[in-house]
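Colleague: I have a new model open and I am not sure how to read it. Could you walk me through some features?

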Amino acid sequence: AEGGAGGGGGGAAEDRSEYAYRKLKQLFAPFVLRRRKVDVLSQIIPPKTRKVEFVPFDDETRGVYDGIISAHLKKREGIVTKESASSQKHLFTALRKAANHPLLLRRRHKDPAAVEHLSRHLFGCGYFGHDATCTQALVREELAKFSDFDVHCAALELIEESPARRVDLGRYTLEVDDLLCSPKFVRLQDL
């Protein structure tokens, strides 16, 4: 009596669930197709073509690029300024950023008054959180790592939270022409 209720009845239940699974699979088979993404995309989208476009620097980008190199050379010669020391730790990253878009570097709003003003607003608005360990000095340190585009995004975010902040923070936002001034963006518009 004991084996019939618990031990021996498991096989019949497994058979029923296996049968139900096969029946469901058979019913759904016409609706479920197993195709690979590559096979499907080749039916819808034309094949990808790659074309290398050489984009020459404009004068501004060339100046930024050359400035990074000259600051690096001055550093190697022992003429270290505060700006060259911090920005040249990662030379190739800085050169890549300059080549992609100068806004990926920090060239604007670097004077102490602007840094103090912006850090005060970022700290006061809780941009980096409201934790007790967050201080304005830490905000200034973090702000030193921001690119021009990062500063723009932070200012825009605070302005969107409260449009009244535009009076104080509007100077840190970029115009559309600033965003699209990179030689790569200009070339993309021509394509």
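Modeller: We will go from the overall fold to a helix pair, then salt bridges, then one residue.

Colleague: Where do I start?

Modeller: Start with the origin of the coordinates. This is a predicted model. Then look at the secondary structure.

Colleague: How many helices and strands are in the protein chain?

Modeller: There are 12 helices and 0 strands. The pattern along the sequence is α-α-α-α-α-α-α-α-α-α-α-α.

Colleague: What share of the residues counts as buried?

Modeller: The chain has 191 residues, and 23% of them count as buried. Buried here means under 20% relative accessible area. Now take contacts between residues with a separation of 6 or more. Residues 24 or more positions apart account for 61% of those contacts.

Colleague: Now a single helix. Which residues of α6 are buried?

Modeller: Helix α6 covers residues 91-100, and its buried residues are Leu91, Ala94, Leu95 and Ala98. Look down the helix axis. These buried residues fall within an arc of 100°, so they line one face of the helix. On the other side of α6, Phe92 and Arg96 are exposed.

Colleague: How do α4 and α6 pack?

Modeller: Read the angle and the distance between the axes. For α4 and α6 the angle is about 170°, and the axes are 9 Å apart. An angle over 145 degrees counts as roughly antiparallel. The two helices are therefore roughly antiparallel to each other.

Colleague: Which residues of α4 and α6 meet?

Modeller: From α4 come Thr61, Val64, Tyr65, Ile68, Ile69 and His72. From α6 come Leu91, Ala94, Leu95, Ala98 and Ala99. By class, this contact has 9 nonpolar, 2 polar and no charged residues. Look back at Leu91, Ala94, Leu95 and Ala98: they are buried in α6, and they meet α4.

Colleague: Next, salt bridges. What is the general idea?

Modeller: Side chains of opposite charge can pair when their charged atoms come close. A search of the whole structure finds 10 salt bridges.

Colleague: How far apart in helix α2 are Arg22 and Glu18?

Modeller: They are 4 residues apart in α2, residues 10-28, which means a separation of about one helical turn. Their side chains meet in a salt bridge, 3.7 Å from N to O. Arg22 is partly exposed, at 47% relative accessibility. Glu18 is also partly exposed, at 41%. Another salt bridge joins Arg165 and Glu161, at 3.1 Å from N to O.

Colleague: Which residue forms a salt bridge with Arg187?

Modeller: Glu53 does, and the closest N and O atoms are 2.5 Å apart. Arg187 lies in helix α12, residues 183-190, while Glu53 sits in the loop between α3 and α4, so the pair ties together parts that are 134 residues apart in sequence. Arg187 counts as partly exposed, at 27% relative accessibility. Glu53 is partly exposed too, with a relative accessible area of 27%. Salt bridges that share partners join Lys51, Glu53 and Arg187 into one network.

Colleague: Last, one residue. Where is Val139?

Modeller: Val139 is in helix α8, residues 136-144.

Colleague: Does a residue's place in a helix tell me its surroundings, or should I check further?

Modeller: Check accessibility and contacts as well. Val139 has 1% relative accessibility and counts as buried. Set aside its neighbours within four places in sequence. Val139 is then in contact with Ser119, Leu122, Phe123, Phe128 and Cys134. You can also compare sequence with space. Val139 and Glu116 are 23 residues apart in sequence, and their C-alpha atoms are 9.7 Å apart.

How values were computed. Residues are numbered from 1 along each chain as its sequence is written. This is a predicted model: local features need pLDDT of at least 70, side-chain atom pairs count only at pLDDT 80 or more; totals for chains, interfaces and linings use all residues. Side-chain values use heavy atoms; hydrogens and water are left out. A salt bridge is a side-chain nitrogen of Lys or Arg within 4 Å of a carboxyl oxygen of Asp or Glu. Buried means under 20% relative accessible area, exposed over 50%, partly exposed in between (1.4 Å probe, protein chains only). The arc is that of the directions from the helix axis to the C-beta atoms. Axes are lines fitted to C-alpha atoms, for helices over the stretch in contact, and angles run from 0 to 180 degrees between N-to-C directions. Angles under 35 degrees count as roughly parallel, over 145 as roughly antiparallel, 65 to 115 as roughly perpendicular and the rest as oblique. Contact means heavy atoms within 4.5 Å. Ala, Val, Leu, Ile, Met, Phe, Trp, Tyr, Cys and Pro count as nonpolar, Asp, Glu, Lys and Arg as charged, and the others, Gly among them, as polar.
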